Amino acid sequence: MDADGSGQSQVVTCSGNSTTGSIRVIRSGADFRRIANLEGVPNAEGVFPLRVSLDAKYISSPRTLFDLSDGSLDELDPTSFPGFDRTRRTLAACTLARDNAAVQVTFSGIRVVDVISGVELERWPSQGSEVVEITAAAVNPTQVCIALKGGKLLYFSSKNKLEVIRQREAEITGGLPNEVAALALNPHTSGKNSSNCVAVAYWTNKIVLLLLPNLTPSTGGAVAGASPSVEEVHVARSLVVHSFQKGPGSLPQLLIGLADGGLVSYSITEAGLLANRRVTSLGKDRPVSLAPCASFEAPDGDRVVLAAASRGAIMWFDGKSKRMKTSTVAITDAVSLCELDHSLYPNSVLVLSRAGITIGSIGELNKLNVQTIPFGSDNPRQIAYHPSLHAFVVGFCRTEVNRITGDQTFSSSLRILDAATFEQLAQIPCNVNEEITAVGVLELGPRGSTVPYIVAGTTTAPPAGHIESTQGRIIILSDSPLNKSSVVASVEVPGCVYSLTAYQGNIAATVNSSVLIYGLELPKERESFQLVQKAKYDRGFQFISIVAREDVLAVTDALKSVTLLKLKGKKLECVSQDYEASFPHGLEMLDRDWIISSELDFNLSLFKRDSSTLERVGGFHYGELANKLIPGKLHSGYDNLPKLVMVTASGRVSVISDIDSETSKKLAAVQRNLSYILYGPGDIELSTWRAPRMAKKTRPFAGFIDSDFVERLLDLSAEDMEKAMKGQNQFERLTESKEDVVACVEQLLTLH
């Protein structure tokens, strides 16, 4: 979940026992600290720092200039910097390598300005010359490259004076010129002021790498899978050429921010060709903005690159694992961003959004942040999130021991906590000897007009001589007004409420050996809501978990297995069932036909609905008891595929993802070949360790990819990599290139 809107997913857990009860918020990603904010920068689409002496003194947005001398952003009066064109949108700007000079590119031309006096030093085209229309631009301290309407490219040197070095006529497709969408001219090696190439993106989705100073594509020797140009599915809106690794011999990367939120990277070969495509996603509704950060150095690596769209990410080279890594960062809805190096804001970045300008610093790149909210003897046992209230609904239990007599007193309550501050907003105490066993925020009511309600299930301590509870309640809370939450409807049930879910606007609950359906009604003769039982299914031993998808209910029976139910009239009928006793515990549905469950024997099982039976199509020995399988994800990547977050009794958090058929075949072949090379402790084979185990038999390991195991491919020596590619015979040889296999495995890293 993303409760604070930071763009970073987080896992919220009920933790602790006895006197150590706590709620913990777990988040993984780069540490981004906000330092300053400036609100109200209307219609801004780009931001560019201009350096005076050692500090970035001026910050330029497309039509506005801000003074940063004293650390605050103060808008400059137009008369105080006359050489800077504020009547037209700025396409690019930066400080030049010559003394006290900066360059500004607008739609109508190029200006070189003295950053001390603010007067204009040079202009292209000169006054009286033919009017031009510039559509895209890129600059660095010694070079300028622009694209004119019609697709023509011009390359300038700006070392001593602004001088045209080379022109390149427009590319023609279908009799029409290709218009340029974006350019990149940034120095890709740390410490340099110039670039030996320019990346050009066209509105036709084509991206080409041109060598300087001739503005020509590479004519180097052919390399398998490499080309001077590539074509993407969507248009590129931001480009960066960047070298992540230190030292000589390191090859740069071309990073492409797409209009649909996709982030693509290519390796640039020594011959200037593009190869080894990798892709990830930063959302679907905003173009990606890219910014290299020269002043921030990653451990064992060179500079990092910051990328942001609907959410943010930071890319760097990990010297230990010798591969590229990506971490999420708490930046959302960015329009543009850039590096900021100021004595008051060292190693910082400047983020422009519709809300304004934010200055922040980057800390640890791959940090696991665990926030603990202690509750002492009040132990949180159940938790749910209410999005519209921005609050958590938590069931607490408290046990107190009389130190003199040794007698124990037990109490339970339901609390509503603010999702940001965890301040208590409301509390509903339970009856004597009653405990909260299930909570949820469920959509109840007629189809098309459902309303979210806070629903809780309870149990009462079993009477003398009984092993299990014979009494419990289902409670519905009113959340208006929030600070006076009260019970608006409740019903007694014959046992412990183990789990709750919404089903066709009703409440579906597992109670001891039954599945019960309750509807929330307001009879004409009553002034308050009433819970009315609509259906019941009681052919189980002990139903634990329940999940709904469309018109299907899935339940787990502690002694049997998984059963699918459907409401037909006033009856719950079994429509499909697994007849093998496997002692299931956790449960989730990927869709109405695919189900995954965790088992008390530390296994995971995958089922596919097939007529009246559930076919067990996959099995995986995880080695721990998975308490919960929750729809959601921790990081970006494979956005269009279902994902589950799995939490275990020992505190481990894992991710399960349903990947596409083609990718799964590739990874299954890699997993098979790796199993011939890599072994576990005691030389145990992967297929032996991951085979699901039960009391009297073992099932085959199938239907799952062990990503932790497959990712060890990236650490193999050249000799072992060759063995993994070959397999044990000609039928096991991997048909993809080594680069494609590595890229496929690296994509797994974006899932966790």
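**Exercise 1. The sheet around β36**

Phe396 stands opposite Ser413 in β37. The model is predicted. Starting from this residue pair, determine how many bridges join β36 and β37 and in which sense the two strands pair, and state the strand order of the sheet that contains them.

*Solution.*

Step 1. Strand β37 covers residues 408–418, and Ser413 of β37 is the residue facing Phe396. Strand β36 covers residues 391–401.

Step 2. The pairing of β36 with β37 is antiparallel and consists of 11 bridges.

Step 3. The sheet is open and has 4 strands, in the order β35-β36-β37-β38, with antiparallel pairing. At its edges are β35 and β38 (424–429), each of which pairs on one side only. From one strand to the next, the twist averages 20°.

**Exercise 2. A salt bridge between β35 and β36**

Identify the salt-bridge partner of Asp378, and explain which parts of the chain this pair ties together.

*Solution.*

Step 1. The partner is Arg398, and the closest N and O atoms are 3.1 Å apart. A salt bridge requires such a distance to be within 4 Å, so the pair qualifies.

Step 2. Asp378 belongs to strand β35 (residues 378–386), whereas Arg398 belongs to strand β36, so the bridge ties together parts that are 20 residues apart in sequence.

Step 3. The two residues are then compared by accessibility. Asp378 is buried, at a relative accessible area of 13%, while Arg398 is partly exposed, at 25%.

**Exercise 3. Two further salt bridges and a network**

Compare the salt bridge of Asp85 with that of Glu169, and name the residues of a salt-bridge network in this structure.

*Solution.*

Step 1. Asp85 is bridged to Arg88, with 3.2 Å between the closest N and O atoms. Asp85 is buried, with 5% relative accessible area; Arg88 is partly exposed, with 37%.

Step 2. Glu169 is bridged to Lys152, with 3.9 Å between the closest N and O atoms. This pair links distant parts of the chain, 17 residues apart: Glu169 is in the loop between β15 (163–168) and β16 (172–173), and Lys152 is in the loop between β13 (143–148) and β14 (153–157). Glu169 is exposed, at 54% relative accessibility, and Lys152 is partly exposed, at 25%.

Step 3. A network of salt bridges links Asp578, Glu580, Glu599, Arg616, Lys697 and Arg699. The structure holds 28 salt bridges.

**Exercise 4. The surroundings of β14**

Decide whether the residues of β14 are buried or exposed, and describe how β14 pairs with β13 and with β15.

*Solution.*

Step 1. In β14, 5 of the 5 residues are buried, so the strand is largely enclosed by the rest of the structure. Leu153, Tyr155 and Ser157 lie on one side and Leu154 and Phe156 on the other, and both faces are covered.

Step 2. β13 and β14 run antiparallel and are joined by 5 bridges. Across this pairing, Cys145 stands opposite Tyr155 in β14. The hairpin of these strands has 4 residues between them, and Gly150 there takes a positive phi near 105°.

Step 3. The pairing of β14 with β15 is also antiparallel, over 5 bridges. Here Leu153 is opposite Arg168 in β15. The hairpin joining β14 to β15 passes through 5 residues.

**Exercise 5. Cysteines without a bond**

State how many disulfides are present, and explain why Cys430 is not bonded to Cys397.

*Solution.*

Step 1. The count of disulfides is 0. For Cys397, the nearest cysteine sulfur is that of Cys430.

Step 2. A disulfide requires two cysteine sulfur atoms within 2.5 Å. The sulfur of Cys430 is 7.9 Å from that of Cys397, which is too far for a bond.

Step 3. Both cysteines are buried: Cys397 has 3% relative accessibility and Cys430 has 16%.

**Exercise 6. The packing of α1 and α5**

Determine at what angle α1 and α5 pack, and list the residues that make the contact.

*Solution.*

Step 1. Helix α1 (residues 661–674) and helix α5 (residues 738–748) pack at about 105°, with axes 11 Å apart.

Step 2. Angles of 65 to 115 degrees count as roughly perpendicular; α1 and α5 are therefore roughly perpendicular to each other.

Step 3. From α1, the contact involves Thr663, Lys666, Leu667 and Val670; from α5, it involves Val741, Cys744, Val745 and Leu748.

How values were computed:
Residues are numbered from 1 along each chain as its sequence is written. This is a predicted model: local features need pLDDT of at least 70, side-chain atom pairs count only at pLDDT 80 or more; totals for chains, interfaces and linings use all residues. Side-chain values use heavy atoms; hydrogens and water are left out. A salt bridge is a side-chain nitrogen of Lys or Arg within 4 Å of a carboxyl oxygen of Asp or Glu. Buried means under 20% relative accessible area, exposed over 50%, partly exposed in between (1.4 Å probe, protein chains only). Two strands pair if DSSP finds at least two bridges between them. Axes are lines fitted to C-alpha atoms, for helices over the stretch in contact, and angles run from 0 to 180 degrees between N-to-C directions. Angles under 35 degrees count as roughly parallel, over 145 as roughly antiparallel, 65 to 115 as roughly perpendicular and the rest as oblique. Contact means heavy atoms within 4.5 Å.
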